[in-house]
Structure formats: C-alpha cells, structure tokens
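Here is a short walk through one protein model. Keep the sequence and the 3D view side by side as you read.

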Amino acid sequence: MEISYEQITHRVIELTRRVSLYIQGESENFEMRSVVTKSKNDFVSYVDKEAECRIVEELSKIIPSSGFIAEEGSGDDSGQPYRWVIDPLDGTTNFLHASTPYAISIALLCDDELVIGVVHEITRHETFY
C-alpha cells in the first residue's frame, strides 16, 4: 500500500473538525455527574470515550491495518508498523470546567517515527499540523 502523508493529513484534519463539532455540541449541556476520576486530576467522561470511538473508527478506514495507542483504550496496538496516537479530548479538565483550551490530538507513527501530527483546538477552531 502506498501511503501519501499529505492526503492522510488532510483526511485527519477533516476528521478532527467533524469530531470537534460533536464535542462542542456536548459541551453545551454537559453534566459533571457523568465524569469518572481515573486518578488525581485525571478525568474521563462519555464525551472523551465517544470522541475516541469515532476517531478510531474513521482512522481504521484511512489505514485499515494500523494499530492504536489511545488514551481511553480504544483500538489495538499489536505492533503494527503504522500506529495512531490519539488523545480525543486533550484538556479534559478544561472542558469539564467550561474553560479553554481543549483540543483533539492525533499523531501517526511509522515504525516508531512520527510522520503526521494534527492538533485541532476546538473552541478557537484552529488546526495545527
């Protein structure tokens, strides 16, 4: 399979923009009672988990045989040459307190070398890659 990092980057950018719309929508009616404490000052909500599931599902279509290193444990990292590194809601504490910034962070590794990185800051609609 021939991999075009430029094409993949553009697909990942579009994906982060779509998932950010979901996160923004949930922020409007978010309730703190749905938050789980993973450890001191480390929280997770259904928004983190759902965002990650959506991201993993779509990234699996971009590179079907890829692995995943995902903050909330979605996907599989069984030593594939291509592995996605995902933080679906980077800045969960800020999100929980309706404070900025918070973002979606996605990277692609090829044999442990970083080849793509995309960060989409949700509240300012800024994307860095």
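In this predicted model, helices H1 and H2 run roughly antiparallel to each other, because their axes cross at roughly 155 degrees and angles over 145 degrees count as roughly antiparallel. H1 covers residues 5-27, and H2 covers residues 46-62. Their axes come within 10 Å. Two packed helices are described by the angle between their axes and the distance between the axes. The crossing of H1 and H2 also has a hand: it is right-handed.

Now look at the residues that meet there. H1 brings Ile8, Arg11, Val12, Leu15, Arg18, Val19, Tyr22, Ile23 and Glu26 to the contact. H2 answers with Tyr46, Val47, Glu50, Ala51, Arg54, Ile55, Glu58, Leu59, Lys61 and Ile62. Sorted by class, the contact of H1 with H2 holds 12 nonpolar residues and seven charged ones. It has no polar residues.

Pick out one residue from this contact: Leu15, in helix H1. Is Leu15 buried or exposed? Leu15 is buried, because its relative accessible area is 2% and the cut-off for buried is under 20%. Setting aside residues up to four places away in sequence, Leu15 touches Arg54, Ile55, Glu58, Leu59 and Ile106. Of these, Arg54, Ile55, Glu58 and Leu59 are listed on the H2 side of the helix contact. Ile106 falls within strand E5, which spans 103-110. Leu15 can also be paired with His120 across the sequence. The two are 105 residues apart along the chain, yet their C-alpha atoms are 9.8 Å apart in space. His120 falls within strand E6, which spans 113-121.

Step back to the whole protein. It has three helices and seven strands. Along the sequence they follow the pattern α-β-β-α-β-β-α-β-β-β. There are 129 residues, and 43% of them are buried. Consider the contacts with a sequence separation of 6 or more: 48% of these join residues 24 or more positions apart.

Next comes helix H3, residues 92-96, where Thr92 is found. Thr92 counts as buried because its relative accessibility is 9%. Which side chain does Thr92 join through a polar contact? The partner is Asp48, and the contact is 2.7 Å. Asp48 falls within H2, residues 46-62.

Three backbone features follow. Most residues other than glycine have a negative phi, and most peptide bonds are trans. The peptide bond from Thr100 to Pro101 is cis, with omega near 0 degrees. Pro101 sits in the loop between H3 and strand E5.

Asp112 has a positive phi of about 70 degrees, although it is not a glycine. Its place is the loop between E5 and strand E6. Asp112 counts as exposed because its relative accessibility is 59%, and the cut-off for exposed is over 50%.

His125 also has a positive phi, about 55 degrees, and it is not a glycine either. His125 lies in the loop between E6 and strand E7, which spans 126-128. With a relative accessible area of 52%, His125 is exposed.

Methods: Residues are numbered from 1 along each chain as its sequence is written. This is a predicted model: local features need pLDDT of at least 70, side-chain atom pairs count only at pLDDT 80 or more; totals for chains, interfaces and linings use all residues. Side-chain values use heavy atoms; hydrogens and water are left out. Axes are lines fitted to C-alpha atoms, for helices over the stretch in contact, and angles run from 0 to 180 degrees between N-to-C directions. Helices (H or I, at least four residues) and strands (E, at least two) are DSSP runs, numbered from the N terminus. Angles under 35 degrees count as roughly parallel, over 145 as roughly antiparallel, 65 to 115 as roughly perpendicular and the rest as oblique. A crossing is left-handed if the near helix is turned anticlockwise from the far one by less than a right angle, and right-handed if clockwise. Contact means heavy atoms within 4.5 Å. Ala, Val, Leu, Ile, Met, Phe, Trp, Tyr, Cys and Pro count as nonpolar, Asp, Glu, Lys and Arg as charged, and the others, Gly among them, as polar. Buried means under 20% relative accessible area, exposed over 50%, partly exposed in between (1.4 Å probe, protein chains only). A polar contact is a pair of N or O atoms within 3.5 Å; within protein, one must be able to donate a hydrogen and the other to accept it, and residues adjacent in sequence count only if both atoms are side-chain atoms.
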